[in-house]
Amino acid sequence: MNGTDDDWLPFAAEWRDGLPDRLFDAVYAELKRVARSQLRRLRPGQLMDTTSLVHETYFKFERQSDLEVRSREHFLAVAARAMHQVLVDYARRTHRLKRGGGGEDLQLDETLSLRGIDVDRVLDVDRALRRLAEHSSRQAFIVQCRFFAGLTEEEVAAMLDVSSRTVRNEWARAKAWLALAMRPPEPPPEAT
Amino acid sequence: MEDPYHRFQEVDDLLRRALDQPASERSSFLAEACRGDAELRLAVERLLEASDDNSFLDRAADESAACQRAPAASLGPYRLDSLLGRGGAARVFRAHDARLGRDVALKVVSESDVGRSQVERLQTEARSASSLNHPNVVTVYDIGSDQGAAYIAMELIEGRSLAEHVAEGPLPLDQAVDLAAQVARGLAAAHARGILHRDLKPGNIMISDDGLAKIVDFGLAKSLAPLEAETVAKTVARPVTATGAILGTVAYMSPEQAAGRPLDSRSDQFSLGTILYELSTGIRPFARPSAVETLAAIVSDEIPPPNELSPALPLRLTRLVGRCLEKDPAKRFESTEELASELAAIAAELAGSPEAGPAAPPPAARRRPLLRIVAAVAAVATAGGLLWGLRDRVSEAVSAAPAAPPVTASDPAERPAIAVLPLENLGSDPEDRYFSDGVSEDLVDRLSSWRMFPVISHFSSFAYDSRSSDLRAVGRRLGARYLVQGSVRRADGRVRIAARLVDSETGSVLWSDRFDRPYADLLALQDEIGETIVGALHPRLEEADQIRAARADPADLRAWDWSQRGWWHWNRLTQRDTELAREAFSKALELAPGFGEAHAGLALTHYVDLALGWADSEGQAMDVLEEAARRAVSLDRESAVAHHALGHALALRGRRQEMIAAFHRSIELNPMSALVLSCAGEGMALGGEAEEAIVYLERAIRLSPQDPALHIILHGVALAHFAAQRYDQSLAWAFRALELDPTFAWAHRTRAASLALLGRLDEAGTALAEATALDPGSSLAGGGRGLAAADPAVATRYLEGLRAAGSRSGVAGG
């Protein structure tokens, strides 16, 4: 079943299908690089600061004329998708490392990268998000912006050109759908 | 399990409306809206209930958004340009002071993070530190506050911290001592004014691009100390992996600091001693698995003098380090000034002494010299617009590239290597595999011909998946810092190549691009990709152009295609593949009779037949080999592989001097091909050029550490040592070859000959018997073809050894 909300963003289709996109690749690479060096500097318990990552990346790409940054909103959307991917990559990697695949590569900075990110949760959210996206790419987009990229309701509202109130409602719905999908299966009723 | 997204549109729409109701009215709203549809109502209610589960999603978003807002565009008179880094509660920005038109480093601490009283103390401390004016201390320009944040404007250092330098590998001793002497001067100046640092560590020492050491954060540690102590207390019990950041600070503390006693200037001396110890031995002396253990070690552990770990260390330096690291402050230097002048004297001695070697024996993982890495990075950073990835760095303390020293190290194999992972074949036809491999190999060749960086042979790199996500591990295993990965698709007369260049150490993408061209442009496209990569890694592209080996590409693309198919089969080294390779090269030559490298390929198929005993008629095979090799050379004088084939032909003919000349030429043309190096090395080993052979063979091993013919290369080294009459060495290398392939008869013979000449005749007899059992058809002269071009003196000794061995094994001499 496909949502009817395909024209909610000028670049909705691009976002949904993950079309090859130089800007995405570039932003992804930059976020990954910056995230890696930032993670090394984090203190225990500090959250990885995805918000400032995304914003600081914007300052940089704004001046990048050969990559098509159409607008601040367009950039933030691309960056949110890239940030999502960076976090998922980290989570997968640390997950693998935790399970002993490639213990020799378990370096200090890799273990530091666990800080502030609940790895298992990132992967769970990612999994649930993929399914949600099949039904509402718009809700999935909001999750990406809010949860993965740490953007505010106001910023998301500007991207979608709707009110903050609308975003808040939609965000609540997305969270509910995700929560439902992420719940452990209920135990079967006990046979009597 | 039932689908949670069942009836999504209906349920979601109802959920939207329910959420718009005040919480108290939702239930009645739903009852009304879902009249008669219990399933729908249940679904919405479950969602409303579930939404409470996921408050963590909110937390992440809001904490992140609330406390880590994007930096205000300006703070006080400063325009914030980019984040350089963060340490503790502070963030450091590159900022611009419009009033004075200068760039500064702006350290910002937010009141909401550390509290108002902390901020005030920080400012007081910074104020006293700002009275310092010394070249080895970062100058504090200005202190202020704005928008609930305190800031300190400091001199902006174009460079990196000592910690970052050390992480890449040991510094040369003279450089290390020079830096330490500078730090000591800075410390002495501060101590003279009664200002302590209290947190001296490599991360707080900046090295500017012109080699000046500058101490950062003077006195700031004190004002932040309660914070640190609290964090230490929270984390001391955890294992090292969880407390890396804290350990970084704890490991350089003085005993009096660790014990919480009052500090004076001698505490900073102790920290400097710890840094010097680490710089000169590569060991952080008190680092233990946890912060508690580290603190305990600082207070009570005696550590070995540094010259026990680095015997070459001057005694004077060892004494100085020992004195700094006295547990009792009274036994350290009376004044830091005294420490500084003693260090300066040692630095001067080292600068005058020609054999100031590396400070520490380079551990295996750090064997690449720092300067060359810096050179490579600088090269990347200056190579133009494509390389934005390393320019205008946002978050690392490197804000400008150091001046690039020319990349002309004596042994190119020591430079950071580059490896091309097999490009992924996205074509629908699995037959296209040869095509994608061909493009990858060609890329390897093109990169090799620039002679800038060792290019890891495709034999080794092709063992790895281009899609591998753990590039760092791949890079380490291959001994290559830079990796090229990507994909190729051929369809509808077009070829699409996506490629990127990755620094496997940092994971950063230095360059990436997609190309979509008509198939006819493939050759030009490969050149372009090769050139761009080289451009990315080389500081002076125009020079690369001049030294690039001229290539004679066939006009006819289909001929190239056939020849790629040929090389692909040729590399597989089976009899069937060798035949298929021969057919493919012949087809290429039908289309383009003047295609030199296809002639060379044809020649080499006959060489494989001869070497592996598949030739129907050896005489005929040798004739074809020589003729094709000569054609190849005459058609393409610049082709390494053509000269290489000719070398083999001449070796088999026993023309030693000409063989050596041909192999020399092949290496001149492509010094980075493991294949060329290993064959030439073997030829030269037998030809009596033992030392040169060893250089080539060792380089081949480095370039292709997982070469399928590695046993043959190792055996080549054995032959070279044999030629040089180092029989114990030849024995050892023959063993290494046999470890990889115990059925390698030639290596058994070399083992036998070496043992015999070492006088161990019984063992020699056994070895020869093994060789004969494995390769009964061969005469005693074993690998007689291989010995054809050998230096007569070497061949005679080899045969003598075998005869002596044969006398003990009952194997008939021949």
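1. Starting with B:Pro593: once neighbours within four places in sequence are set aside, B:Pro593 is in contact with B:His599, B:Arg631 and B:Leu635. Keep in mind throughout that this is a predicted model. The proline itself is found in the loop between α24 (575-591) and α25 (596-612) of chain B. Of its partners, B:Leu635 is the one with a spacing to quote: 42 residues away in sequence, with a C-alpha to C-alpha distance of 9.7 Å.

2. Next, B:His721. This histidine has its place in helix α31 of chain B, and at 8% relative accessibility B:His721 is buried, because the cut-off for that label is under 20%. Again leaving out neighbours within four places in sequence, the residues in contact with B:His721 are B:Ile694, B:Arg726, B:Gln729, B:Ser730 and B:Trp733. B:Trp733 turns up again in another role: the charged end of B:Arg736 sits over the ring of B:Trp733, 4.2 Å from its centre.

3. Staying with helix α31, look at B:Phe722. The ring centres of B:Phe722 and B:Tyr798 are 5.2 Å apart and the planes meet at 65 degrees, so this is an edge-to-face pair. It links distant parts of the chain, with B:Phe722 in helix α31 (residues 710-723) and B:Tyr798 in helix α36 (residues 792-809) of chain B, 76 residues apart. Both B:Phe722 and B:Tyr798 are buried. Add B:Tyr727 and you have one aromatic cluster of B:Phe722, B:Tyr727 and B:Tyr798.

4. How many aromatic pairs are there over all chains? The count comes to 6. One of them is A:Trp177 with B:Phe8, a tilted pair at 4.7 Å centre to centre and 35 degrees between the planes. Since A:Trp177 lies in helix α9 (residues 164-182) of chain A and B:Phe8 in helix α1 (residues 8-20) of chain B, the pair joins two chains. A:Trp177 and B:Phe8 are both buried.

5. On to the charges. Side chains of opposite charge can pair when their charged atoms come close. Here the tally is 33 salt bridges over all chains. In chain A, A:Glu153 forms one with A:Arg146, the closest N and O atoms being 3.8 Å apart. If you want to check that pair by eye, bear in mind that the cut-off is 4 Å. A:Glu153 and A:Arg146 are both buried.

6. In chain B, the salt bridge between B:Arg332 and B:Glu256 has its closest N and O atoms 2.8 Å apart. This pair links distant parts of the chain: B:Arg332 is in the loop between α15 (315-324) and α16 (336-352), B:Glu256 is in helix α11 (residues 255-258), and 76 residues separate them. Both B:Arg332 and B:Glu256 are buried.

7. Another salt bridge to pull up is B:Glu342 with B:Arg316, at 2.9 Å from N to O. B:Glu342 lies in helix α16 of chain B and B:Arg316 in helix α15 of chain B, so the pair ties together parts that are 26 residues apart in sequence. Neither label here is "buried": B:Glu342 counts as partly exposed at 24% relative accessibility, and B:Arg316 counts as partly exposed at 28%. A further charge contact for your list is B:Arg323, whose charged end sits over the ring of B:Phe333, 4.2 Å from the ring centre.

8. Salt bridges also come as a network in chain B. Which residues are linked in it? They are B:Asp623, B:Glu626, B:Arg630, B:Arg653, B:Arg655 and B:Glu658.

9. A quick sanity check on one helix, α12 (residues 265-281) of chain B. At 1.5 Å a residue, its 17 residues should span 24 Å, and the end C-alpha atoms are 25 Å apart, which agrees. Of those 17 residues, 16 are buried, so α12(B) is largely enclosed by the rest of the structure. What follows α12(B)? B:Gly282 does, and its phi is positive, near 80 degrees.

10. Last, the cysteines. Searching the whole structure gives 0 disulfides over all chains. As for where individual cysteines sit, B:Cys34 is buried with a relative accessible area of 4%, and B:Cys324 is buried with a relative accessible area of 1%.

Note on methods. Residues numbered from 1 in each chain as written. Chains lettered and ligands numbered in written order. Predicted model: local features only at pLDDT ≥ 70, side-chain atom pairs only at ≥ 80, totals over all residues. Heavy atoms only, no water. Disulfide = S-S within 2.5 Å. Buried < 20%, exposed > 50% of the residue type's maximum accessible area, 1.4 Å probe, protein only. Salt bridge = Lys/Arg side-chain N within 4 Å of Asp/Glu carboxyl O. Helix = DSSP H or I, 4+ residues; strand = E, 2+ residues; numbered from the N terminus. Expected span 1.5 Å × (residues − 1). Phe/Tyr/Trp six-rings, centres within 6.5 Å; stacked < 30°, edge-to-face > 60°. Lys NZ or Arg CZ within 6 Å of the ring centre and 35° of its normal. Contact = heavy atoms within 4.5 Å.
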